[in-house]
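Thanks for coming. I will take a few minutes to walk through one structure. Please have the sequence and the 3D view open as I go.

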Amino acid sequence: MQAELEALMLQVLEKITPTSEEYCKVETLSRRLEQKILEACQQQNVKATVRVEGSIAKDTWLRENPDIDIFIRLPTSILREKLGEVGLTIAKAAMQEATKITERYAEHPYLEITLDNQRIDIVPCYNAKPGEWQSATDRTPYHTDYIRQHLSSKMRGEVRLLKQFMQNIRVYGAEIKVGGFSGYLCELLILTYGSFIQTVQAFANYNKRIIIDPEHHFLDKEKETATLFLEPLVIVDPVDKARNVASAVQTDKLYNFIGASRKFLQTPSEIFFFAPKQLLLSFNRKELERQLEERGSALIFLVVQGVEAVPDVLWGQLYKAKRSLRKLLELNDYKVLRDTVWSNEKTLNIFVFELEQQIIANIKKHAGPPLERINECDNFLAKYIENDHVIAGPYVEEGKWIVEVIRKNVDAAVFLKEKLAEGGKNVGIPDILAKAFKENFTVFVNNEITKTYNNKKHEETEEFNIFLTTFLLGKPFWLK
């Protein structure tokens with residue numbers, strides 16, 4: 001078994017490790033861009049240090065994903081509110097030959113460009129001293145130095161295996177959309193456990209909170225660590241003891257990794273690194289209709305168009321809105337089985353709520369106070385004893401006054417339309433989405449989604465098809 005596992009690792013590693021030609025191409029492009037940005041800094045009369053960071057600098061990049069990160073380390077004398085503006089000005093001046101330029105936003109603006117079919121992020125940060133951080137990106141150069149200093153050549157291959165595994169099971173990426181494991185987190189895990197296999201073994205045996213402190217910042221201070229960090233996975237940043245590198249990892253991503261790790265160790269297979277294309281096929285329209293008809297539950301789709309926001313801001317608002325909408329449904333007695341949200345980040349956003357029932361009973365039971373609370377009972381009786389909405393009661397049951405009242409709403413689709421007609425800010429919909437809801441949204445139930453599904457008017461329809469098929473099936477591909 002061990003020999004077969006090692007053979008599998010070598011087989012996968014060969015496919016994901018860059019070739020010498022790819023190394024040369026990325027290295028040449030990186031250095032050329034570095035020089036151009038440095039020249040742009042000089043032209044703008046800004047004293048800065050320009051350096052390639054991230055997986056390229058640490059030699060942990062995957063051959064299919066050579067994202068190049070170039071950081072502009074600016075003087076701390078630049079005002080915080082001007083950091084993004086100065087960085088963008090320099091980056092745009094340097095990147096005029098780019099085939100595509102997109103402004104992105106994390107904590108502050110940065111530039112994403114496409115050049116020579118490569119994606120490059122140009123990110124401003126401060127040339128800050130350790131512990132004197134002024135922006136979240138100030139730590140990145142120190143992360144690069146730490147990993148380069150501690151990661152051996154063999155370990156770099158182990159990081160690649162872990163990244164490929166996580167990427168394939170869809171738990172890789174710390175951006176808000178994914179809420180998964182960052183590249184830096186993967187590198188620290190390999191430094192901690194020594195190899196890919198030992199890392200998945202550690203997580204396969206997960207039965208309590210994991211706390212990792214590579215630099216022993218909290219040696220003999222376990223209680224302090226437990227108080228400072230509340231997440232189920234804690235990796236204390238070697239360059240900043242106040243930061244949990246794993247804070248962005250959503251709980252469901254952590255447990256998906258745990259589940260996939262256990263299954264992989266039971267039945268090692270290349271499928272965990274490269275999902276067969278046939279497993280990503282989507283239902284055709286006829287099969288979708290059959291699935292929805294035979295399912296027995298009610299799927300409510302909220303289709304929202306015309307939202308303008310950079311991806312990180314958009315996904316933050318989408319997830320916040322999803323939580324608010326689920327809470328709204330549950331507070332009004334609709335049983336939510338599952339929920340999710342999809343976006344093409346341009347023109348189309350779709351919330352999905354699977355309910356036990358779209359239509360609920362016309363009457364609900366409403367419990368009042370225990371009879372021991374005399375004043376509260378008097379108030380309850382005064383409110384309901386001659387109330388037109390009361391069908392039965394008040395009566396006493398298990399020591400409490402009870403009434404049965406007519407519901408104000410019984411149809412989830414109609415209920416959501418009414419609540420969102422004016423944008424939904426009063427039910428927790430954030431500003432950008434509230435404006436879009438007010439101007440242009442549609443509610444589809446079950447088969448009605450076929451008006452959007454396979455609709456060639458919308459971009460990236462195939463991505464939504466796969467997304468919806470995956471959601472309906474529920475079972476991750478690695479369990480097949």
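Before the first part, one term: when I say that residues meet, or are in contact, I mean heavy atoms within 4.5 Å. Please also keep in mind that this is a predicted model.

With that, look at two helices, α12 at residues 311-331 and α15 at residues 431-439. Their axes come within 9 Å and cross at roughly 70 degrees. That makes α12 roughly perpendicular to α15. Which residues of α12 meet α15? They are Val313, Gln317, Leu318 and Ala321, and on the α15 side the partners are Asp431, Ile432 and Leu433. Sorted by class, this contact has five nonpolar residues, one polar and one charged.

Now the whole protein. It has 480 residues, and 47% of them are buried. The secondary structure comes to 16 helices and 15 strands. The C-alpha trace spans about 80 × 60 × 55 Å along its principal axes. The accessible surface is about 24,400 Å², and carbon and sulfur atoms account for 49% of that. If you take contacts between residues at least 6 apart in sequence, 67% of them join residues at least 24 apart.

Next, a sheet. Five strands form an open sheet with mixed pairing, in the order β1-β2-β5-β4-β3. Which strands stand at the edges? β1, residues 49-53, and β3, residues 100-105, do; each has a single partner strand, so one side of each is left without a neighbour in the sheet. On average, neighbouring strands here are turned by 25 degrees against each other, direction ignored.

Let me stay with β5. On one side, β2 and β5 run parallel and are joined by seven bridges. One pair to find there is Leu74 with its bridge partner Tyr126 in β5. With β4, residues 109-115, the pairing of β5, residues 118-126, is antiparallel, over five bridges. Here Leu111 has Ile122 of β5 as its bridge partner, and Leu115 stands opposite Gln118. β4 and β5 form a hairpin with two residues between them. One residue in that turn, Asp116, has a positive phi of about 55 degrees.

Is β5 enclosed or open to the outside? Eight of its nine residues are buried, so β5 is largely enclosed by the rest of the structure. Helix α2, residues 20-43, lies across β1, β2, β4 and β5. The helix runs at about 25 degrees to β2.

That is the tour.

Conventions: Residues numbered from 1 in each chain as written. Predicted model: local features only at pLDDT ≥ 70, side-chain atom pairs only at ≥ 80, totals over all residues. Heavy atoms only, no water. Axes fitted to C-alpha atoms, helices over the stretch in contact; angles between N-to-C directions. Helix = DSSP H or I, 4+ residues; strand = E, 2+ residues; numbered from the N terminus. Parallel < 35°, antiparallel > 145°, perpendicular 65-115°, else oblique. Nonpolar A, V, L, I, M, F, W, Y, C, P; charged D, E, K, R; others polar. Pairing = 2+ DSSP bridges. Buried < 20%, exposed > 50% of the residue type's maximum accessible area, 1.4 Å probe, protein only. Areas by Shrake-Rupley, 256 points an atom, 1.4 Å probe, with all protein chains shown as cover.
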